[in-house]
Amino acid sequence: MTARPAARTLAAILLAVGTAAGCGEPRFKETFPARVKVEFEGKPPVGATIVLRPAAGSDAKTIPTVGTVGEDGVVVFSTYKTNDGAPAGEYAVTAHWFAGNSPNKLPARYQDPATSGLRAKIEGRPNELEVIRLTK
């Protein structure tokens with residue numbers, strides 16, 4: 001008999017959570033394919049991480065989008081799942097490149113959205129962004 005009240009309590013909790021999750025705006029924003037080629041001093045910084053951070057004044061609910069530079073220098077961005085792209089919007093771009101235990105191989109200015117000088121705009125369609133050329 002004690003299992004019945006526990007089952008009712010569990011059902012009530014699940015109903016409340018399910019109802020709350022369905023309220024308001026969708027949790028996930030639609031994403032659009034996005035890719036970019038990255039160079040550092042003319043060569044691909046293989047393994048570097050490129051992050052699209054919502055620009056100042058953007059929707060605060062937009063989470064950062066991340067990608068890793070491949071052997072060919074191309075980054076395919078991911079937000080909620082691998083290679084799903086990014087929500088439409090304006091972004092500040094940051095970059096860092098750690099290899100093993102070494103310090104960041106890129107200048108520190110690229111780690112901060114306020115100093116990187118890099119911007120991107122994702123539109124509601126597949127996006128091939130302008131080449132990002134990083135320098136010392």
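These legends walk through five close-ups of one predicted model. Local features are described where pLDDT is at least 70, side-chain atom pairs count only at pLDDT 80 or more, and totals for chains, interfaces and linings use all residues. Residues are numbered from 1 along each chain as its sequence is written, and side-chain values use heavy atoms, with hydrogens and water left out.

**Close-up 1. The largest pocket and its lining.** Rolling a probe the size of a water molecule over the atoms shows where empty space is left. Here, a pocket is an open set of points on a 1 Å grid over the protein atoms alone, where a 1.4 Å probe fits, with protein on both sides within 12 Å along at least five of seven lines. The largest one has a volume of about 170 Å³, a volume being the space filled by probe spheres set on the points, which are joined across faces, edges and corners. Its lining residues (those with an atom within 4 Å of a point) are L52, V93, L118, R119, A120, K121, L129, E130, V131, I132 and R133. The elements giving two or more residues to that lining are β6 (119-122) and β8 (132-134), and β6 gives the most, with three. Strands are DSSP runs of E, at least two residues long, numbered from the N terminus. Sort the lining by type and you get seven nonpolar, no polar and four charged residues. In that sorting, Ala, Val, Leu, Ile, Met, Phe, Trp, Tyr, Cys and Pro are nonpolar, Asp, Glu, Lys and Arg are charged, and the others, Gly among them, are polar.

**Close-up 2. Strand β1 and its salt-bridge partners.** Side chains of opposite charge can pair when their charged atoms come close. A salt bridge here is a side-chain nitrogen of Lys or Arg within 4 Å of a carboxyl oxygen of Asp or Glu, and the count comes to three. One of them joins R35 and E128, at 3.2 Å from N to O. R35 sits in β1 (residues 34-40) and E128 in β7 (residues 127-128), 93 residues apart. Another joins E39 and R133, at 3.5 Å from N to O; E39 is also in β1, while R133 is in β8, 94 residues away. R133 counts as exposed because its relative accessibility is 56%, and exposed means over 50%, buried under 20% and partly exposed in between (1.4 Å probe, protein chains only).

**Close-up 3. The bridge between R125 and E123.** In this salt bridge, the closest N and O atoms are 3.2 Å apart. R125 is partly exposed at 42% relative accessibility, and E123 is partly exposed too, at 31%.

**Close-up 4. Inside the largest nonpolar core.** A nonpolar core is a set of buried Ala, Val, Leu, Ile, Met, Phe, Trp, Tyr and Cys residues joined through side-chain atoms within 4.5 Å. This one has 23 residues, and V38, I50, L52, F77, I132 and L134 touch the most other members. β1, β2 (49-54), β5 (89-96), β6 and β8 each give two or more residues, with β1 giving the most, at four. Zoom in on I132: leaving out residues up to four places away in sequence, I132 touches V36, K37, V38, E39, I50, V93 and L118. Contact means heavy atoms within 4.5 Å.

**Close-up 5. G124 in its loop.** G124 lies between β6 and β7 and is exposed, at 56% relative accessibility. Beyond residues up to four places away in sequence, G124 touches F32 and A88. The C-alpha atoms of G124 and A86 are 9.4 Å apart, although 38 residues separate the two along the chain.
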